[in-house]
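Please look over the model below before reading on. My comments follow it.

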Amino acid sequence: MKLIEKRVVLHFPGFEPLDGVAHRARYERSARQSAAVWGYSVETGAADGRSDPVSFVVTTGEKATAPEAGAGSAGWQTKSRIHMVDHDTLVSRLRSGNTLSQIIAGFRSCAEIMLEGGMRGYFRHAWRFGLFFLFPFLLTALAIALTAQIAILPYALGFSPWHMLWSGPLALCFFIFAFLPFSERFHTLHLFADWEMAVALGRMDRTDFNGWLEDRATAVRKALDEEADEYVISSHSMGSSVAAHVIGILLEREPEIFKGKRVVFATLGSAILQCALMSSATLLRARVGLIARCPDISWLDVQCLTDSINFYKVPVVAVSGHRDAPQAKMILIRVKQMLTREHYRKIRKDQLRVHRQYVLGLDLKASFDFTLMTAGPMPALVFADPDEKRMPG
């Protein structure tokens with residue numbers, strides 16, 4: 001098997017309040033962990049301030065013969081340019097309103113998803129994802145109901161309505177100073193914004209989002225001009241819907257854009273169906289079909305049993321309406337096999353933390369390693385076969 005010497009990576013992160021520089025810093029930490037586990041050397045370069053999106057070079061090599069400053073190496077060496085196609089601009093925009101406006105926008109998104117059949121699809125294909133959808137809204141609805149009960153308590157007890165002059169402010173204090181800080185433990189308002197973005201990517205009815213996607217497609221097109229042995233388009237969570245739109249736009253513009261290139265599309269904990277199951281998401285579903293039918297793209301869909309925020313064992317291409325198209329290759333992983341027992345016990349009850357593990361460093365050698373897929377010496381397609389080596393012999 002020919003080792004990869006030069007690779008171009010286009011990574012679409014999930015819905016997190018991190019810009020490209022912050023994602024690069026996390027990648028560097030994860031790469032150090034991976035290198036320590038597998039026994040290779042890694043050097044993560046500084047972010048290129050001239051590039052858009054943020055990019056940086058990662059150089060990996062055999063530990064015993066890894067290149068030092070000014071020295072060559074007789075062993076393998078792989079150089080990967082990572083482009084972080086983050087959507088922090090959109091996250092910041094959705095979180096910029098006051099608390100009341102964010103709550104109203106969140107519940108409006110909830111209603112829209114229900115009316116468009118999204119929730120019905122979640123429970124049909126992945127009931128745990130359905131519970132993930134409902135949780136922040138049920139939690140907040142319960143808090144609003146308790147707040148209202150506190151406000152009308154004097155009236156309910158038969159006291160004069162004048163007593164509501166103190167019960168009303170008390171109820172407001174409960175919501176602001178008790179519930180909101182408590183709800184931040186579950187990232188409630190952040191999840192409200194996440195569902196607002198899901199609606200925007202499904203309906204494609206917001207000019208600001210649509211313009212941003214077109215701009216990202218232009219930037220990604222430039223990145224693809226760089227010569228490389230392999231092109232990896234990776235995405236995590238909500239980033240998979242962003243990636244599907246961006247790559248779909250490129251295929252609509254230039255159907256032969258990937259001809260002659262070795263391209264791997266890797267969706268990690270994909271949330272494409274979070275948006276695609278809405279009845280109005282016809283454009284997203286069409287773009288999923290374009291990607292699946294592109295003969296030059298190999299699609300790997302990495303899923304995890306212990307991650308409730310993904311569609312485990314659900315064929316994303318078929319459910320998007322393309323049963324006759326080539327299906328994405330499912331790769332099933334287990335977080336508990338990637339971490340030490342103590343580390344896994346520490347995080348297993350935090351579902352958002354478990355969901356991020358796809359792109360984080362490992363404690364143990366495992367069947368999947370994000371750093372090796374995007375910066376290692378072996379072609380990314382080795383992760384499609386559990387028996388393939390992850391490192392050269």
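The points below cover the cores, the strand pairing and the two pockets.

1. Status of the model. This is a predicted model. Please read each point with that in mind.

2. Main core. The largest nonpolar core holds 79 residues. Those with the most contacts inside it are F12, W195, M197, I247, F258, I297 and W299. Helix α7, residues 188–203, is the top contributor to this core, giving 10 residues. In general, nonpolar side chains of soluble globular proteins tend to be buried together.

3. Second core. A separate core of 41 residues lies apart from the largest one. Its members include I82, I333, V335 and A380.

4. Around M197. Leaving aside residues up to four places away in sequence, M197 touches F15, H87, L90, L94, F209, M238 and V242. M197 is also one of the residues with the most contacts inside the largest core.

5. Strand β1. This strand spans residues 6–12 and is mostly covered. Six of its seven residues are buried, that is, under 20% relative accessible area.

6. Partners of β1. Strand β4, residues 77–84, runs parallel to β1, and six bridges join them. Here H11 stands opposite M84. Strand β5, residues 230–236, also pairs with β1 in the parallel sense, over six bridges. In that pairing, R7 has E230 as its bridge partner.

7. Largest pocket. Its volume is about 340 Å³. The lining counts 19 residues, and the closest to the pocket centre are F15, E16, H190, L352 and R356. One of these, F15, is also touched by M197. Three elements give two or more residues to the lining: α5 (127–156), α7 and α14 (351–356). Helix α14 gives the most, with four residues. By class, the lining has seven nonpolar, seven polar and five charged residues.

8. Second largest pocket. This one encloses about 280 Å³ of space. It has 14 lining residues, and F135, F186, D350, Q351 and L352 lie nearest its centre. Helices α5 and α14 each supply at least two lining residues. The largest share comes from α5, with four residues. The lining divides into seven nonpolar, three polar and four charged residues.

9. Reading the pockets together. Which residue should be looked at for both? L352 is among the residues closest to the centre of the largest pocket, and L352 is also among those nearest the centre of the second largest. Helix α14 gives the most to the lining of the largest pocket, while α5 gives the largest share to that of the second.

Conventions
Residues are numbered from 1 along each chain as its sequence is written. This is a predicted model: local features need pLDDT of at least 70, side-chain atom pairs count only at pLDDT 80 or more; totals for chains, interfaces and linings use all residues. Side-chain values use heavy atoms; hydrogens and water are left out. A nonpolar core is a set of buried Ala, Val, Leu, Ile, Met, Phe, Trp, Tyr and Cys residues joined through side-chain atoms within 4.5 Å. Buried means under 20% relative accessible area, exposed over 50%, partly exposed in between (1.4 Å probe, protein chains only). Contact means heavy atoms within 4.5 Å. Two strands pair if DSSP finds at least two bridges between them. On a 1 Å grid over the protein atoms alone, a cavity is a set of points where a 1.4 Å probe fits but cannot get out, and a pocket is an open set with protein on both sides within 12 Å along at least five of seven lines; lining residues have an atom within 4 Å of a point. Grid points are joined across faces, edges and corners, and a volume is the space filled by probe spheres set on the points. Ala, Val, Leu, Ile, Met, Phe, Trp, Tyr, Cys and Pro count as nonpolar, Asp, Glu, Lys and Arg as charged, and the others, Gly among them, as polar.
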